[in-house]
Amino acid sequence: MTPRAITGFGVVASLGIGRSAWTAALRDGTIPAPAPPTAAFDARAYPEARVAEVPDFEPSRFLGEKGLRSLDRQTKLLVVAARLCLHDAGLKKDGRFVALSPERVGFCAGNAYGSLEAISELDRVAVLEDARYINPAKFPNTVANSASGYVSIWEDLRALNVAISDGSCGALDSLACADIYLSCGRADAILVGGGEALSEPLYVAWKRAGRLAGGTPLGEGAALFVLETEESAKARGARVAARLLGLGTSFHGPAHDGVLLHAAPEAMERAVDDAVTDAGLLAGDIDLVVSGASRSGAYAAAELGGIARALGESVPIAAPKSLFGETLGASGALGMAAALTWMEGIAPRAIVRGEAPTNVKTVVVTTLGLYGNATAAVLRRG
Amino acid sequence: MLPCTVGSIKRPVSPPWDSASPAKASVSRVFITGVGAVSPVGLGRGEFFRALAEGKSGIATIESFDGAALGREFAGEVKGFRPRDHLTAAEARHTGRCSAMTVAAARMAVADSGIRPEHLRGPRTAVVIGTTMGEADVIADLDHAWIKGGASAVPRSLLPRYGSTLLSIHVARAFGAQGMALTLPGACAAGNYAIGFAADLIRAGKADVVVTGAAEMLQELQFSGFVRLAAMAPEKCQPFDLHRQGLLVGEGAGIVVLESEAHAMRRGARLDAEVGGYGLSCDGYHITRPHAEAVGSIAAMRGAIERSGITPDAVDFVNAHGTGTKANDAAEAKVMFDVFGARRVPISSVKSTLGHCMGAASALEAVACVMTLETGIYPPTVGYETPDPECDLDVVSTTGRTGKADVLLNNSLAFGGYNAVVCFARPGVLPPPVLGHPGTPS
């Protein structure tokens, strides 16, 4: 693929809000312990709940007081991340575009269960009261692209707006989509990444599915990056934090159609293989893999196994979900944020295989979905 | 002479681009080689379009829930759809209604294309499906169980079946596709978003075949939402009519099989249509209202024309977004005036008979466009009786019309300012895409 410049990032996570707080947490190891939620949902009915919540998240600090009432938490996380990202990339200053025009900047990001909070809230009104009383201002939040739509409205991004629903792979898939949109000249820069918010229905679903037992707390967050053509970045003199060099995305269904959930090492292997080939690199060129693996279970085994098949057993692998939680649609984006930070000279953490490299120049970021899907991206320090 | 056929004409043709020698700097053309539809007016290519052409309405009293209690009782519901007619027992067990309609329409499209199963298996086949809410019945069942019985009442077996990503996953599984499997929630422009991106995947060389389109199911919560937004008409959806009172919602799935030129030629495929360029934009303005000056919509429509290598003069017919709301239709009329000037290009909205199938709308309308290219029939806007000075357009009224159908535009100008306009053309009509041309991957 044609290399793309990554010229800025914005992050809102349990490790902190904004690039400095995020970097400081990874540098100093100030990783907050999972704790009962204080803002994402009322945890009185779930005394056992320990989650990786974004601490002290006050969207009005970033967005002002007006217009927030009808936005759900997912949207607020993404809008704040987008604002931080656009300023970090130098596209905006004091809320205004100072480089490129809104018509040349797009938005393309993933989420796994973005509309769940809104649907459940309105369902509650419909079931317990009457569907005639649902709040029409919140109805638009029930579609899976609503958070993306709001980001474009708040940040005036007009080139295109694309939401991606591919579970945990959505954030890295957004890179693949944006790369094609940039290739076709639909934008000069596209905000890519993903977000996912904690909510009561999400917690209940995860608990009932038995997915809280693996040791990785359910988390939330959003991370967005400006993916830009090299020409655009050069023309405006942007600082290039890293380059996207290769992408691979694949699906591998189960052998029998009797099962739905499917951890597919074959998909992971092919995604990594394709991404590294796409980058014109060899396995030996990779300094570190930043995986989406949790601490244990079939999916972790499939992801690590697929990576090993593609790159061999010796490549160091990090699993940073132990730092910021299981953040689903945001996980690939937060993995990317960790990779960028480690490229800046901060020592990698959460190493689950091999030894932490001292010089991180080239990274593969991976995510594995619940149904046989996998995505990988190759990044190189700018 | 190439061993392909165009539309329903079962004879080999020599497409004009064959001698144009664009080999050095060309990108692949993208063809639709099969279509499938699950719709309120019928299932499958023939039944679907015959009904549209005849102006047969799929609008009827809702059977799946009590709409009257919500103040409105009509919608474009797919009646008599039995998943097991199209899905295996295991597939039917794993799917909600939305995915079931998606897989069914995909099977119809694949059968219609005549593509052999072995051509779909493997990493060169991708799946891109649009929607707004995906498996809405599954989430409703989960939510209702939780709300009525608490967390312990949430049925574990249903949990893996929720998530709009499953629409593309189920289709990929059905055909053994191993390329990108992606669900694109793009509001009521989702179908065009999906088909456009799928075409880009082929042009960029990332896939040879993409099964693409969109699906949506009618569900009580979403229906209530439109009622509460005061967007719902009481009985009839009359796009562009002076007395229009709003939209009616519908449901269904529209799927098309896209193939690269080389792949289609290699297997001697019938070419139903060429996917030309498409325009995308975002208003960045309001979550439900169209932009007052329709700048984003204009950019999307102009983008589709420019990226197809044509001028507005080449467009024969426009399939309207045409929801039947005052604001949307007036905004779309503005777009038409801006793009076509004094030239009155025929326009029609099949939402008058299907209802607004939301995420599935533009995908079903893409199938309708393919059929218009094949037959020259412009399907009618049923119920269009009194022209609205604010929408002074050449609306194809209730009787329908036949006309030149070489190049069509399919408009999607959705809530949230999601604008996507796709150009479809008879194979051989559009100039060959070349590298460096707007809209082709560099």
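Let's start with one small detail: a polar atom in the side chain of Gln219(B) sits 3.0 Å from the backbone nitrogen of Leu221(B). Before going on, the ground rules: this is a predicted model, where local features need pLDDT of at least 70 and side-chain atom pairs count only at pLDDT 80 or more, while totals for chains, interfaces and linings use all residues. Residues are numbered from 1 along each chain as its sequence is written, chains are lettered from A and ligands numbered from 1 in the order in which they are written, and side-chain values use heavy atoms, with hydrogens and water left out.

Back to Gln219(B). You'll find this residue in the loop between strand S8 (209–216) and H8 of chain B; helices (H or I, at least four residues) and strands (E, at least two) are DSSP runs, numbered from the N terminus. Is Gln219(B) buried or exposed? Gln219(B) counts as buried because its relative accessibility is 9%, where buried means under 20% relative accessible area, exposed over 50%, and partly exposed in between, using a 1.4 Å probe and protein chains only. Setting aside neighbours within four places in sequence, Gln219(B) is in contact with Phe65(B), Ala136(B), Asp137(B) and Ala140(B), contact being heavy atoms within 4.5 Å.

Another residue in chain B: Val103(B), in helix H3 (residues 97–113). Val103(B) has a relative accessible area of 2%, so this one is buried as well. Again leaving out neighbours within four places in sequence, its contacts are Leu87(B), Glu91(B), His170(B), Val171(B) and Ala174(B). Ile287(B), on the other hand, is 184 residues away in sequence and 30 Å away in space, C-alpha to C-alpha.

Now the two chains together. Here 73 residues of chain B are in contact with 70 residues of chain A. The size of an interface is often given as the accessible area lost when the parts come together. For chain B and chain A that's about 6200 Å², with 63% of it on carbon and sulfur atoms; the number is accessible area (1.4 Å probe), summed over both parts.

How many salt bridges does the rule find across the interface of chain B and chain A? It finds 1, taking a side-chain nitrogen of Lys or Arg within 4 Å of a carboxyl oxygen of Asp or Glu. Arg186(A) and Asp200(B) form a salt bridge, with their closest N and O atoms 3.8 Å apart. There are also 29 residue pairs in polar contact between chain B and chain A, both at pLDDT 80 or more. A polar contact is a pair of N or O atoms within 3.5 Å; within protein, one must be able to donate a hydrogen and the other to accept it, and residues adjacent in sequence count only if both atoms are side-chain atoms. On the chain B side, elements giving two or more residues include helix H2 (89–94), helix H5 (136–149) and strand S11 (273–282), and H5(B) gives the most, with 7 residues.

Last stop, inside chain A: the assignment, automatic or from a database, gives domain 1 (4–235) and domain 2 (245–381). Their C-alpha centres lie 21 Å apart, and the contact takes 47 residues from domain 1 and 41 residues from domain 2. Between them they bury about 3400 Å², of which carbon and sulfur atoms give 67%. In domain 1, Leu26(A), Ser168(A) and Leu172(A) lose the most area to domain 2, together 20% of what that side buries. Finally, the side chains of Glu344(A) and Arg19(A) meet in a salt bridge at 2.7 Å, N to O.

Note on methods. Buried area is the accessible area (1.4 Å probe) that two parts lose on being put together, summed over both.
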